Amino acid sequence: MAFADRALIVGIDNYPGISTLSGAEHDAVSFYDWVTDPAGGNVASEHAVKIVSSAYPTVTDADNAQPAKEKIEAFFTDVDNAAAANNAQTLGFKAGKRLWLFFSGHGFAPSLDHSGVLTANATLRRVHNIAARMWADRLYEGGWFDEVILFQDACRNRITGADLNPPFLRAQPPTRVRRRFYAFAASNDKLAKEVPLPSGKTGGVFTATLLDGLRGHARDQRSGAITTASLKVYLRDNMRKLLSPTDLQNDDVAKIPEVFDPDLFDIVPSPAAVATPLFPVRVVPRQPGPAGSILDGMFQPVVSVPQVPQVWQLQLPRGIYKAVVDGFGERLFQVTGGIEPTGALSEVIVNV
Amino acid sequence: MSSNRLTVAAADVAAEISVLDGSFERVAHGVGRLDQDLAPGLYKVRVRIGPSVEEQLVSLDQDRVVTIDPPEFPSPIPLLGTSKTHEYHIAAAVETSSTAQDRFGDGGSIFVFAREWTGRQGEESKSGNPAEGLSLLREIDADVETALVPSLAMRADVRTDGDACAGWRGDVAPGPYRLRLALTDGTASERAIFVAPGQQTQVFLVRADYQLLDGRTERRANLSGGAVVISLSQTFNPDDRRTRLAELARYALTQSRRVLSEVMLEEILDEKTSEPMLGLLGAHLLLRDEPDDRQSFDRVIANLLRLLGPEHPDVLALRLRSSTPPVGDDACLLSPPMLRASWDIAVGESQRSPEIFPSEAPCSAIATRILPSAPWLMWRTGSSAGGTDDRTDVILDIIGDYLKARAGTDMSLRQIRARRSSVIGILETLGSTLSTAKAGVLHGLDALGWIKDPADKSELSQVLGLPAYVLENMLKSLDPKDKSDLSQALGLPSHVLENILKRLQR
């Protein structure tokens with residue numbers, strides 16, 4: 001197919017020159033599984049390149065550790081070659097409609113513009129890296145794709161002293177409308193946390209929340225699609241729910257992602273049959289007995305009962321609501337979704 | 001359809017305000033203050049100050065005014081209303097900024113305040129002098145620095161009750177200085193401190209963990225994450241509204257936040273501003289977010305010239321983008337600016353005007369050691385005064401890789417490469433007998449004949465933070481033996497190879 005969607009997924013745990021991570025490869029594999037799923041990102045497997053530590057021999061000498069930069073940059077060369085091949089067939093200089101970029105591992109981000117993900121052969125003396133944001137910007141600016149989506153779950157340790165490697169593809173003058181969406185687990189010297197996941201594996205809180213959202217929990221209520229706006233809100237509302245109380249108190253730990261979303265578009269289209277995800281809500285009235293109702297964001301009742309029980313259990317879609325208990329008052333609350341560290345859906349408790 | 005007015009008043013003019021409807025769709029956005037007519041319903045008001053966020057749910061069944069107390073945000077400066085602050089740190093900073101521990105000259109002063117922060121919960125304090133590893137240097141000329149204060153830890157007023165803090169003030173003559181952090185693994189980094197006449201340049205640092213080359217962890221002042229205040233009163237004011245704004249502007253500059261509301265712009269343009277740092281940061285925000293607003297930018301530059309003087313390297317760099325840029329010797333950047341964004345401007349302008357970076361100036365001496373930091377310009381250095389950490393070889397390696405990878409994308413080149421695969425093998429063998437840097441460039445020279453666009457050099461220069469003439473010099477570093485080997489391996493007559501090299505050097 002001339003304009004196939006493409007994906008580059010990189011997850012590096014083994015850094016003989018720095019420190020070994022536990023969850024970066026797991027995050028990359030999980031994202032690869034989703035992005036190549038026809039019900040997910042729907043990228044054909046022949047156009048999805050997964051580069052992870054376990055695909056290479058484990059070495060103790062950092063200079064020989066893989067994947068190094070060249071393995072990753074080969075993807076960008078292939079992208080450019082695909083665009084050139086399309087251009088030679090008078091289809092225009094374009095590689096595909098959408099590019100997915102996912103990176104997890106050690107990284108640095110003193111600013112969003114100067115951020116990078118370390119390659120396996122990085123040491124503290126020579127901090128080899130891929131400037132993921134620069135690559136995303138270059139591929140967006142030059143029109144290799146109509147849409148560029150970047151997810152970066154890095155900065156798991158504080159890394160300094162890196163030299164950025166500039167993208168080697170020459171900038172092309174843009175010829176058509178392009179769109180992009182970038183989300184970073186952490187920036188500005190904050191740390192992206194790895195935590196034990198309900199599956200028993202270790203993974204980044206950013207990627208776990210991201211995949212939870214992409215799998216359906218971040219759907220826009222009206223359209224049913226997962227849009228850049230709805231995913232941004234979902235990430236910001238829920239990434240912190242997987243952090244421990246200690247991490248929540250630690251200023252150095254990133255609790256909200258940094259999102260760059262200049263363009264509004266659908267990341268995952270609405271399925272034919274939209275099953276709106278529901279989340280548990282527990283309304284606890286000061287005293288059971290009176291009538292009660294739950295109003296949605298437009299003041300329309302979504303649930304009404306003649307007698308509010310002692311514990312009123314509900315299932316509601318994401319949104320803002322008002323709980324009204326006759327004679328006792330009302331309380332605004334929001335259902336943001338998300339999952340708890342136990343794997344259970346996040347429950348909202350409303351005291352009226 | 002009826003509507004109700006929602007008014008959101010945030011105490012900070014740089015507060016980013018978002019209003020989301022009941023389905024979490026953003027329906028309104030503003031900076032500092034928001035007035036919006038909306039359909040009756042439930043909404044979430046979200047106020048972001050730097051990295052901190054406050055939210056409030058609102059039932060808009062009638063006109064509503066929502067006042068949100070500004071969330072505390074973390075700052076290295078012990079300002080009132082910030083989250084990483086102890087009262088005793090505030091008191092110590094005020095006190096130690098007012099009294100000079102050392103006197104090296106007149107006309108200005110430098111204040112360095114380093115502190116520990118273990119959180120408000122009273123986590124067990126970490127031991128150590130927060131100023132450990134810090135030294136202050138005077139910039140005499142390129143390659144030679146005099147350590148004015150070899151150990152700030154020894155000279156500072158150190159207080160160890162609770163989270164330790166160390167404050168040091170030195171009276172100095174106006175001009176360029178450097179703050180250096182040396183780690184016990186022999187690595188060190190520096191940043192610039194420029195003292196304008198009659199002013200105190202204050203640097204605030206919080207300790208953080210550094211990973212050393214030998215795998216150990218060392219806790220030292222976070223040099224790249226610090227903050228700078230330029231005080232006209234030569235004392236520290238923890239309740240200075242404009243210092244708070246400058247901190248938010250600093251965050252906005254590094255994290256691509258857009259905070260230039262009308263009120264924020266008024267603060268930046270205010271001729272009576274008492275916080276030049278707000279002016280410097282604001283000028284960069286204007287260039288980035290409002291590039292067409294030349295009038296406002298020129299006004300800020302005029303203010304900065306009056307406050308800091310034309311010798312201030314950040315002011316000089318910013319002036320290069322003004323409507324009346326300096327020319328001739330006035331456009332020469334002698335000392336490194338404090339801000340990375342200022343350096344990037346100068347590097348960009350050096351493509352057209354190489355004389356911006358005089359070859360013997362201190363600026364040029366650090367050009368190959370720049371780190372990808374933000375917002376401050378940082379560079380590597382040796383751990384002792386006068387030491388250097390020249391990384392020309394590393395940069396040549398990067399350039400070589402870049403050129404080689406670029407060559408791999410050229411369709412015609414790939415066809416030629418298929419015929420020349422044996423030559424490439426010879427080239428790589430040759431490369432293995434040379435230094436890493438030169439090997440990298442030699443590999444890249446394989447593609448020289450196909451690289452014609454001067455924009456490549458311009459881009460390399462900009463991304464690496466290298467003045468144009470420095471890049472040129474590195475490309476000229478091949479000796480006659482290297483050229484001879486290459487000429488034979490590729491089957492190129494020497495004069496053809498020379499012409500290719502000259503084309504890249506143009």
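**Close-up views of a predicted two-chain model**

**View 1. Low-confidence stretches of chain B.** Residues 411–452 of chain B keep a pLDDT under 50 throughout, and the model gives them 70 contacts beyond four places in sequence. Residues 485–497 of chain B are also below 50 in pLDDT, with 18 contacts in the model beyond near neighbours in sequence. This is a predicted model, so here is the wider background on confidence. Chain B has a mean pLDDT of 81, with 76% of its residues at 70 or more. For the complex, the predictor reports an ipTM of 0.89 and a pTM of 0.87.

**View 2. R178(B) and its partner E139(B).** Take a look at strand 14 of chain B, residues 175–182, and you'll find R178(B) in it. Is R178(B) buried or exposed? Its relative accessible area comes out at 4%, so R178(B) counts as buried. The R178(B) side chain meets that of E139(B) in a polar contact of 3.0 Å.

**View 3. The largest nonpolar core, around L179(B).** This core holds 100 residues, and L134(B), L179(B) and M264(B) are the ones with the most contacts inside it. Helix 5 of chain B, residues 276–289, supplies the largest share, 8 residues. Zoom in on L179(B): setting aside neighbours within four places in sequence, its contacts include V112(B), L134(B), L136(B), L152(B), I193(B), V203(B), L205(B) and L223(B). The list isn't purely nonpolar, though, as S135(B), S189(B), E190(B) and R191(B) are also among the contacts of L179(B). A separate core of 50 residues lies apart from this one, and A122(A), W135(A), L164(A) and A405(B) are among its members. As general background, nonpolar side chains in soluble globular proteins tend to be buried together.

**View 4. R126(A) in its loop.** R126(A) sits in the loop that links strand 5 (116–118) and strand 6 (129–130) of chain A. How does its burial come out, buried or exposed? With a relative accessible area of 17%, R126(A) falls under the 20% cut-off, so it is buried. D163(A) is 37 residues away from R126(A) along the chain, yet their C-alpha atoms are separated by 8.1 Å.

**View 5. Strand 15 of chain A, with partners on strands 16 and 18.** Strand 15 covers residues 292–295 of chain A; G292(A) and I294(A) point one way from it, S293(A) and L295(A) point the other way, and all are buried. Strand 16 (residues 301–305) of chain A pairs with strand 15 in the antiparallel sense over 4 bridges, and L295(A) stands opposite P301(A) there. These two strands make a hairpin with 5 residues in between, and F299(A) in the turn has a positive phi of about 65 degrees. Strand 18 (residues 319–325) of chain A also runs antiparallel to strand 15, joined to it by 4 bridges. In that pairing, I294(A) faces A323(A).

**View 6. A three-stranded open sheet in chain A.** What is the strand order here? The order is 17-14-20, and the pairing is mixed. Strand 17 (312–316) and strand 20 (348–351) of chain A are the edge strands, each pairing on one side only. On average, neighbouring strands are turned by 25 degrees against each other, direction ignored. Strand 14 (residues 279–284) of chain A pairs with strand 17 in the antiparallel sense over 5 bridges, and F279(A) stands opposite L316(A) in strand 17.

Terms used:
Residues are numbered from 1 along each chain as its sequence is written. Chains are lettered from A and ligands numbered from 1 in the order in which they are written. This is a predicted model: local features need pLDDT of at least 70, side-chain atom pairs count only at pLDDT 80 or more; totals for chains, interfaces and linings use all residues. Side-chain values use heavy atoms; hydrogens and water are left out. Buried means under 20% relative accessible area, exposed over 50%, partly exposed in between (1.4 Å probe, protein chains only). A polar contact is a pair of N or O atoms within 3.5 Å; within protein, one must be able to donate a hydrogen and the other to accept it, and residues adjacent in sequence count only if both atoms are side-chain atoms. pLDDT is the predictor's confidence in each residue, from 0 to 100. Contact means heavy atoms within 4.5 Å. Two strands pair if DSSP finds at least two bridges between them. Axes are lines fitted to C-alpha atoms, for helices over the stretch in contact, and angles run from 0 to 180 degrees between N-to-C directions. A nonpolar core is a set of buried Ala, Val, Leu, Ile, Met, Phe, Trp, Tyr and Cys residues joined through side-chain atoms within 4.5 Å.
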